[in-house]
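Subject: Structure handover

Hello,

Please find the structure we talked about below. My notes on it come straight after.

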Amino acid sequence: MSIEIGALGPGPFEELARSAALHGQEPIESTSERELLVLWLDDDPYALPVERVREIVRWRPITPVPRVPAAVRGVLSLRGEIVQVIDLRLRLGLAPSLAEGRRRRIVVLHGDDGQMTGLLVDRVSEVLRLRDEELRAPTGRDAGTVVALAPQGDRFVSVFDVDRVLDLGVGA
Amino acid sequence: MAARRTQKPARNRATREFVSEVEEILERMRADLSDLADARAGGRLDPELANRLFRSAHSLKGIAGMFGFEGVSDLAHHMEDILDGLRMGRLPPGAPALALLDEVVEVVAGMLESGEGELAAGALAQVQALIERIVASLASEAPPAADDDLDGIDASILRALTEYEEHRLRESLRAGRAIHLVEASFEILSFEEGLSELTGSVRALGEVLSTLPAPGDSPDSQIRFSLLVATECDAAELGSRIDLPNAMVRAMRASRATPTQPGSAAPAASAPTELLRDASPGESPRADGGSEIESLKSISETVRVDIRKLDELMNLVGELVIQRGAIGSLADRLLADPATARAGLELSKLHKSLERRLTDLQAGVLEVRMVPLRQVFEKLSRVVRRLRRDLGKDVRLDIRGGDTELDKLIVEQLADPLMHVVRNAFDHAIEPAADRASAGKPAEGSIRLEALQRGNHVVIEVADDGRGIDPEAVRQRAHTLGLIEQDAVLSRKEVLDLIFAPGLSTTTEVTETSGRGVGMDVVRENVTALGGIVHVDSQPGRGTTVVFTLPITLAIIRALTVGVADQRFAIPLTTVLETMLVDPVAIQRSEGREFLTLRGEPLPLRRLHAEFGLPSPPAGARVAVVVVGLGDLRLGLVVDHREGQQDAVIKPIQGPVRSVRGIAGATELGDLGTVLVLDVASLVEDAAKRREAA
């Protein structure tokens, strides 16, 4: 169960944001493909790079932890490791989900320092493959957690910067 | 000088192995050097120690060369020279030589730490200069008069001796010991065993100066050796005490104390039966020398293991323990139903035996993680020796309880805090000689470092006989820093405890060795992180004692589970003193803080509900109080109810929130799922702090 540290730095995201921002202004040579995991909050699709995903597990009871930000729902044990679970809805300031639905999933992410974190989402649908030049700049806040929009059919998927999502503004 | 490497060698696997091997060698050398310094009292050198050091330096040279660390290899070569000079008597076994060896060991350690593997030109020049000084002093030292008093020793033997062996022979003669020749024949297929047995029994009685193949009319299947022995025993006594048939002792020179007849022979054992042993199958004769074989064997007896591998094993054991619990509850369910009771009984028996074996396995894995504190203590003793030398301050460090064992991880983390406290004692606590004299204290200051096991904890005390801490000065300083009110009512202990507050220093002096007196707060922080606690006691003018209390292991614990609101927490049983059910009317308040009277003493209470923002139980409901203690602090944790005891492997919590005050980690408890483990040390300390702040 080794976790590669270093290979998965923030690099891909900065690149991703840059290519999204630059698109349309300059010819982009890179035609590298990206793979994004598509997940949903209500009826809105979001995505994050698959290389940051360690595994996806079904919703299961989470042990609450005191004295932590509200977005941290608690911890669960994953094959002997204890992992914090962040409720993505609460992290983005959305209302908590009323039902702990059958389709809810916990996406387990590699952190930037080898630590794992679970991300509680409403559901997970597919892996999206696209090229850098297909990305568009986000419409939301500059310093938000979304760094790009990726086209899927006739709509766009919001692409997260995982490290920003995991940054809860508490002491490292 | 060997070519210097310009690149910093990458810390690849090979380098890591090199580093850990060299660390081991250095550790051994430090221990031997310190023993050598202790044993040197009579101006004589323990030859066994000098030889061991020489072998260590030799291995160091070898492996450093093999891995391309030429700087280390060079230094090791110089160490060999010095050690050779010492054991051959060419170099006086005085402090300068030992100090130089100490220094070279530290320089190598420094190179290892910096990852350079090479020495900065300046430091190298310095060491070279020291070496030259030693060599010069050696040259000026008149070599011990070579008395040609080797009468009685066969010329054929003298010819076969190496320079070192001859030196030892002369030394032994000078010391007035008897010289004997012990001869024995061995089956050629198993001579190693026989010879090492013989050497072992002779060593118990004296020094084996040389092992020589002996000519003689022995059968072809046998090989004959003679051991040149220096001893206080006479030949007859030596012969009778060597419990080996077929060994003969021949006296060459009587000891000055007990004259014997030169040339007389005594049988080694009463019944000189033939020493015939069947060669065990698979054992092949070896042509190489005995000492080579010995050293190969000793290496294979210990295995270096990455502590992370032990963690993995520990995790596996933890998971087995959880599954064992599940099997136990299945057995109980089967037993409860008459239809399956038979199978339940069988399963229950199996479960019991599994439990026993698992307990053994757990204990075994835990034991492997344990290391004696001696390693850390020796480092400290080295530091004190160096400080004594550099600062010219006469301070003795007494070490007791170095055999006390602790989890390797804890020992590692403990080195810095202990070092800090010892340096503080050396630097600030122990007064200058003049002050000591006028206070009627012995000129030599004393620091006592003592470890002992107390139940599931290890207590380490650092006590000095210095000037002690002036509580009034601490109060003033704490007030200046705004930590306490001018008129705060504090007990002596509470005042002393203030030295652990950030920024508080008990001296205004700034020194190189212990910095600005900052750091007791860091000491406490480090110890708390290990689930331990640190306290100080001090008598002005008499001295200061810093007491560390630490759990023996972090890996696996017995835990008490308790319920609070709809949650469950685990409390390490090592911190639990007792539990009780309490009627709420028994709870008193003082300035809004709850306490309980327990055996005539007030016990402060903390409600976990309030601590963790959980809903309180209905007023008037009976609650459970878990009395926890660390060091001499006591606290009653109020919970809704207590459940049971479980084995728990505490795991760190991964994720964006790095630490939660009051939570040590989490554990998986079978049916109960994931349960948070309380960090009792921090809860107890927080409660104490609130009292101070009040």
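What follows covers the contact between two chains, the salt bridges, and three pairs of packed helices.

Please keep in mind that this is a predicted model.

**The two chains**

Chain A and chain B touch through 28 residues from chain A and 21 residues from chain B. Together they bury about 2100 Å², with 54% of that area on carbon and sulfur atoms. On the chain B side, B:Gln654, B:Pro656 and B:Arg658 supply 34% of the area buried against chain A, more than any other three residues.

The interface between chain B and chain A has one salt bridge. A:Arg67 forms a salt bridge with B:Glu611, and their closest N and O atoms are 2.8 Å apart.

**Salt bridges elsewhere**

Over all chains, the whole structure has 41 salt bridges. One of the 41 salt bridges joins the side chains of B:Asp102 and B:Arg385, at 3.0 Å from N to O. This pair links distant parts of the chain, as the two residues are 283 residues apart. B:Asp102 sits in helix α4 (residues 95–114) of chain B, and B:Arg385 sits in helix α13 of chain B.

**Packed helices in chain B**

Two packed helices are described by the angle between their axes and the distance between the axes. Three pairs are described here in those terms.

Helix α13 (residues 374–391) of chain B, which carries B:Arg385, also packs on a neighbour. Its axis and that of helix α14 (residues 408–429) of chain B come within 9 Å and cross at roughly 25°. An angle under 35 degrees counts as roughly parallel, so α13(B) and α14(B) are roughly parallel to each other. The crossing of α13(B) past α14(B) is right-handed. Residues in this contact include B:Phe377, B:Leu380 and B:Leu387 of α13(B), and B:Val411, B:Leu418 and B:Phe426 of α14(B). Sorted by class, the contact has 13 nonpolar, one polar and five charged residues.

Which way does helix α11 of chain B run relative to helix α12 of chain B, roughly parallel or roughly antiparallel? The axes of α11 (residues 307–336) and α12 (residues 341–369) of chain B come within 9 Å and cross at roughly 160°. That angle makes α11(B) roughly antiparallel to α12(B). Here α11(B) passes α12(B) in a left-handed crossing. The contact of α11(B) with α12(B) has 21 nonpolar, five polar and four charged residues.

In the third pair, helix α2 (residues 47–66) of chain B packs with helix α3 (residues 70–87) of chain B at an angle of about 160°, their axes 8 Å apart. The two helices α2(B) and α3(B) are therefore roughly antiparallel to each other. The crossing of α2(B) past α3(B) is left-handed. Among the residues that make this contact are B:Leu53, B:Phe54 and B:His58 of α2(B), along with B:Ala76, B:Met79 and B:Leu83 of α3(B). By class, ten are nonpolar, five polar and four charged.

Those are my notes on the structure.

Best wishes

Key. Residues are numbered from 1 along each chain as its sequence is written. Chains are lettered from A and ligands numbered from 1 in the order in which they are written. This is a predicted model: local features need pLDDT of at least 70, side-chain atom pairs count only at pLDDT 80 or more; totals for chains, interfaces and linings use all residues. Side-chain values use heavy atoms; hydrogens and water are left out. Axes are lines fitted to C-alpha atoms, for helices over the stretch in contact, and angles run from 0 to 180 degrees between N-to-C directions. Helices (H or I, at least four residues) and strands (E, at least two) are DSSP runs, numbered from the N terminus. Angles under 35 degrees count as roughly parallel, over 145 as roughly antiparallel, 65 to 115 as roughly perpendicular and the rest as oblique. A crossing is left-handed if the near helix is turned anticlockwise from the far one by less than a right angle, and right-handed if clockwise. Contact means heavy atoms within 4.5 Å. Ala, Val, Leu, Ile, Met, Phe, Trp, Tyr, Cys and Pro count as nonpolar, Asp, Glu, Lys and Arg as charged, and the others, Gly among them, as polar. Buried area is the accessible area (1.4 Å probe) that two parts lose on being put together, summed over both. A salt bridge is a side-chain nitrogen of Lys or Arg within 4 Å of a carboxyl oxygen of Asp or Glu.
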